[in-house]
Amino acid sequence: QVQLVESGGGLVQPGESLRLSCVASGSFSRINYMGWYRQAAGKERELVALVTNNVGTNYADSVKGRFTISRDNGKNTAYLQMNSLEPEDTAVYFCYCAAGTLSGLRDFWGKGVLVTVSS
């Protein structure tokens, strides 16, 4: 099993920045992908950004140029630097990973952190 613990959410004004962190712990052989999804009120969960174990990245079009995902493999930690935040970025942000376990490659999710962008 893998436990994911997020931190860094909060309330900010439009144009400001936040950095989210996600630490993975537990029993796993490797983490193939780490990333972030978000779910706004009344909407479906959507991909924000993913980073592979060799630091390839993928971003949602809505955050390209504003958000940066990074990963510290030695610390099993992923970061999401969010700049120029907009009210539309308000959502619960969930950390995600795909990790190798005794039962094969599995998906794991954190409990989520709330990001609110409002003036």
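This is a tutorial dialogue on reading a predicted model of one protein.

User: Where should I start, and what confidence does the prediction carry?

Analyst: Start with the confidence values. The mean pLDDT of this predicted protein is 95, and 100% of its residues reach 70 or more. Confidence is lowest in strand β10 (residues 104-109), with a mean of 93, and highest in strand β11 (residues 113-117), at 98.

User: How many helices and strands does the protein have?

Analyst: There are zero helices and 11 strands. Read from the N terminus, the elements are therefore written β-β-β-β-β-β-β-β-β-β-β, with strands as defined by DSSP runs. The radius of gyration is 14 Å, close to the 14 Å that the globule rule gives for 119 residues, so the protein is as compact as a globular protein of that length. Its C-alpha atoms fill a box of roughly 45 × 25 × 20 Å along the principal axes.

User: What share of the residues is buried, and what share of the contacts joins residues 24 or more positions apart?

Analyst: Buried residues make up 42% of the 119. Among contacts with a separation of 6 or more, 55% are between residues 24 or more positions apart.

User: How do I read a sheet, and what is the order of the strands in the open one with four strands?

Analyst: Read the strands across the sheet. The order here is β1-β3-β8-β7, and the pairing is antiparallel. β1 (2-7) and β7 (67-72) are at the edges with a single partner strand each, so one side of each has no neighbour in the sheet. On average, neighbouring strands of this sheet are turned by 15 degrees against each other, direction ignored.

User: Over how many bridges do β3 and β8 pair?

Analyst: Strand β3 (residues 18-26) and strand β8 (residues 77-82) pair over six bridges, in the antiparallel sense. One place to look is S21, whose bridge partner in β8 is Y79. On the other pairing of β8, six antiparallel bridges join β7 and β8. There, I69 stands opposite L80 of β8.

User: Which way do side chains point along a strand?

Analyst: In a regular strand they alternate between the two faces of the sheet. In β7, F67, I69 and R71 point to one face and are buried, whereas T68, S70 and D72 point to the other and are not.

User: What sign does phi usually have in residues other than glycine?

Analyst: Most residues other than glycine have a negative phi. In this model N76 is not a glycine, yet has a positive phi of about 50 degrees. N76 belongs to the hairpin of β7 and β8, which has four residues between the strands. With a relative accessible area of 26%, N76 is partly exposed. S84 also has a positive phi, near 50 degrees, and is not a glycine. S84 lies in the loop between β8 and β9 (91-101), and is partly exposed at a relative accessible area of 39%.

User: How do I read the surroundings of a single residue, and is N32 buried or exposed?

Analyst: Take its element, its accessibility and its contacts in turn. N32 is in strand β4 (residues 30-39). With a relative accessible area of 16%, N32 is buried, because the cut-off for buried is under 20%. The side chain of N32 makes a polar contact with the side chain of R30 at 2.9 Å. Leaving out residues up to four places away in sequence, N32 touches V51, T52, N53, R71, A98 and L105.

User: Where is Y33, and what does Y33 touch?

Analyst: Y33 is in strand β4, and counts as partly exposed at 37% relative accessibility. Beyond four places away in sequence, Y33 touches V51, T52, R71, Y96, C97 and A98. The C-alpha atoms of Y33 and E16 are 28 Å apart, with their positions 17 residues apart along the chain.

User: Which residues does R19 touch?

Analyst: R19, in strand β3, touches S7, G8, Y79, L80 and Q81, again not counting residues up to four places away in sequence. R19 counts as partly exposed, at 47% relative accessibility. The C-alpha atoms of R19 and K64 are separated by 15 Å, and the two residues are 45 residues apart along the chain.

Note on methods:
Residues numbered from 1 in each chain as written. Predicted model: local features only at pLDDT ≥ 70, side-chain atom pairs only at ≥ 80, totals over all residues. Heavy atoms only, no water. Pairing = 2+ DSSP bridges. Helix = DSSP H or I, 4+ residues; strand = E, 2+ residues; numbered from the N terminus. Axes fitted to C-alpha atoms, helices over the stretch in contact; angles between N-to-C directions. Buried < 20%, exposed > 50% of the residue type's maximum accessible area, 1.4 Å probe, protein only. Polar contact = N/O pair within 3.5 Å; in protein donor to acceptor, adjacent residues only side chain to side chain. Contact = heavy atoms within 4.5 Å. pLDDT = per-residue confidence, 0-100. Rg over C-alpha atoms; globule rule 2.2 N^0.38 Å.
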